[in-house]
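Let's take a relaxed walk through a protein model, one feature at a time. Keep the picture open while you read.

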Amino acid sequence: MASVTSAWVIHHPHLKIREFKKPFSISSWSHINSHASSSSTKLFPKLQFSGRRRNFIMENPSIYSLETSLLLNKVNSQKKEDYPVEHDVVEPEVFAWSSVILPFLFPALGGLLFGYDIGATSGATISLQSPELSGTAWFNLSAVQQGLVVSGSLYGALFGSIIVYPIADFLGRKRELLIAATLYAIGGLTTAFAPSLNTLLIGRLLYGLGIGWAMHGAPLYIAETCPSQIRGTLISLKELFIVLGILLGYFVGNFNIDVVGGWRYMFGLSLPVAAVMGLGMLSLPPSPRWLLLRGVKGQGSLQEYKERAITALSKLRGRSAGDKVSEKKIEDMLVSMKSSYQDQEEGSFLEVFQGPNLKAFIIGGGLVLFQQITGQPSVLYYAGQILQSAGFSVASDATRVSVLIGLFKFVMTGVAVLKVDDLGRKPLLIGGVSGIAVSLFLLAAYYKFLGGLPFVAVAALLLYVGSYQISFGPISWLMVSEIFPVRTRGRGISLAVLTNFGSNALVTFAFSPLKELLGADNLFLLFGAIALLSLVFILTLVPETKGLSLEEIEAKLSE
């Protein structure tokens, strides 16, 4: 077992809780037992692990002797240097970068296809409603019909999030992503060849179901299969793939905007990408942590699932089947997971709202909620109007403005990817959300009394986009993927995805009525106040998870 710096906590009803800190492995336990006689070692018949914290639980409280007390005092009185107080120090996993590319790339394509839908839809709706370019007899869409075309995938994503909630842990991360790729392909194909508006809407709904499944399965698979020291980089890189998808959608839309029936090409291009995603996922093994979870929950032979997990991890790291490094890593995971499930019945449907699970949901759900209700969908959606109101004629060309903003989003997300495992999650969140608040107050000031200074609107818009892309953009999904305990991770992320898409829909549809009711200046003031509230939430409730394994994060939330 890998040596880690951990806290030893010895629990006994007749003893004061003692906490010792020193690097240890299984051999350390043998060393302690070597100092005790057979009677005192009976006090420690069972060894439990919970992430970084190893809890030695004395299951026979009636057996207590002076010798045991002396033993505990001896361990506690060791020199300070023998028990250095160090936190969050973990022996890093050895891996080759080449071995983590494909296990990241194929799930991340699910994020790229999500972003592509956002970018392509903006151009497709223009093409679809053009009498000259639509290529259909039903181009004259009403406002409601246009709204359904645009938001059809969003409704599908909401529905997909609900469907996946009760069955996520049964299916596993790999199967989820295979289903997502299939839904993407069917949805894209149906939309591209739609002979009528109703068929088009069915295709949009199916594609949205793929989004809901992919946005649940992708962060889970990446988080559970990648080395902990680069988990932040890879999951943030998935956000970069979403932005890359948006850019790709913008470019495809701009290229086909003057083609008759161009909207069919815009929607249909998702099909080959979905095929690559599906074939790629077929070549990857299941998540080792999910395999162990199945065994620990008694849903099959534990030994068989353990062997499959070792094989899966060996394949993911590009090592020979059953290598010793993978075997030790799986042993560590298994011992931690057993501790989480020790003496517990299978969780109920509502377990995610109890104890440490509720704490994780408040953190993860809160982040994705604030990600949306600070105005993200609306500010970006109305970016062209903001620039137009500032007097910039380039804003009249919506596709070019969208491409420029998309490029800036891509660059700033790249900054977050490079820094998330260096600076940590919380500093990026604090800095980025502070920038979001400032930008929203600047937009409010522009609409209220700085209308003669158009550069203020441009600066505020760019500050908003940049701040969002180094904070809420990548970090929210990163935290969601790592904050939930393994016992409820599948269901917890389902609820977080549902919260995200639900709040996205709410903000998107409420923006125009609120703008008419409050005025643009007061609406941006409201968003700015919510941004300040989210900053308080981050400062007080969100923990730093940089460099910690998923098991360590679970132990940290349980304290």
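## Rings that meet

Start with the aromatic rings: counting those whose centres lie within 6.5 Å, the model, which is a predicted one, has nine aromatic pairs. One aromatic cluster is made up of Tyr-446, Tyr-447, Phe-524 and Phe-527.

## The big picture

Now zoom out. The protein chain has 559 residues, and 57% of them count as buried. Its secondary structure consists of 24 helices and four strands. What about contacts along the chain? Take the ones between residues at least 6 apart in sequence: 80% of these join residues at least 24 apart.

How far does the predictor trust its own work? The average pLDDT of the protein chain is 75, and 75% of the residues score at least 70. Confidence is highest in helix H11 (residues 270–283), with a mean of 95, and lowest in strand S4 (residues 53–57), with a mean of 36. The pLDDT stays below 50 over residues 1–90, yet in the model this stretch has 157 contacts beyond near neighbours in sequence.

## Charged partners

Side chains of opposite charge can pair when their charged atoms come close. This structure holds seven salt bridges, and here are some of them.

| Salt bridge | N to O distance |
|---|---|
| Arg-173 and Glu-224 | 2.9 Å |
| Lys-324 and Glu-327 | 3.8 Å |
| Lys-448 and Asp-521 | 3.2 Å |

Let's go through them one by one. In the salt bridge between Arg-173 and Glu-224, the N to O distance is 2.9 Å. This pair links distant parts of the chain: Arg-173 belongs to helix H7 (residues 173–192) and Glu-224 to helix H8 (residues 197–225), 51 residues apart. Are these two buried or exposed? Both Arg-173 and Glu-224 are buried.

Lys-324 and Glu-327 make their salt bridge within one helix. They are three residues apart in helix H14 (residues 324–341), so about one helical turn separates them. Lys-324 has a relative accessibility of 60%, so it counts as exposed. Glu-327 comes in at 29%, which means it counts as partly exposed.

Next is the salt bridge of Lys-448 with Asp-521, where the closest N and O atoms are 3.2 Å apart. Lys-448 sits in helix H19 (residues 425–448) and Asp-521 in helix H23 (residues 520–541), so the salt bridge ties together parts that are 73 residues apart in sequence. Which of the two partners is buried, Lys-448 or Asp-521? Asp-521 is buried because its relative accessible area is 16%, while Lys-448 counts as partly exposed because its relative accessibility is 42%.

## Two helices side by side

Now find helix H12 (residues 288–296) and helix H13 (residues 302–316). Their axes come within 8 Å and cross at roughly 175 degrees. Angles over 145 degrees count as roughly antiparallel, so H12 is roughly antiparallel to H13. Which residues make the contact? On the H12 side they include Pro-288, Leu-291 and Leu-292, and on the H13 side Leu-302, Tyr-305 and Lys-306 are among them.

The loop between H12 and H13 is home to Lys-297. With a relative accessibility of 17%, Lys-297 counts as buried, because buried means under 20%. What is the C-alpha to C-alpha distance between Lys-297 and Arg-487? The two are 9.2 Å apart in space, although 190 residues apart in sequence.

## Two more buried spots

Look for Ala-457 in helix H20 (residues 454–469). Its relative accessible area is 0%, so Ala-457 is buried. Measure along the chain and Ala-457 is 17 residues from Leu-440; in space, their C-alpha atoms are separated by 9.9 Å.

Finish with Asn-357, placed in helix H15 (residues 355–373). Asn-357 is buried too, because its relative accessible area is 8%. What does Asn-357 touch once its neighbours within four places in sequence are left aside? Its contacts are Glu-351, Val-352, Phe-484, Pro-485 and Thr-488.

Note on methods:
Residues numbered from 1 in each chain as written. Heavy atoms only, no water. Phe/Tyr/Trp six-rings, centres within 6.5 Å; stacked < 30°, edge-to-face > 60°. Salt bridge = Lys/Arg side-chain N within 4 Å of Asp/Glu carboxyl O. Buried < 20%, exposed > 50% of the residue type's maximum accessible area, 1.4 Å probe, protein only. pLDDT = per-residue confidence, 0-100. Contact = heavy atoms within 4.5 Å. Axes fitted to C-alpha atoms, helices over the stretch in contact; angles between N-to-C directions. Parallel < 35°, antiparallel > 145°, perpendicular 65-115°, else oblique.
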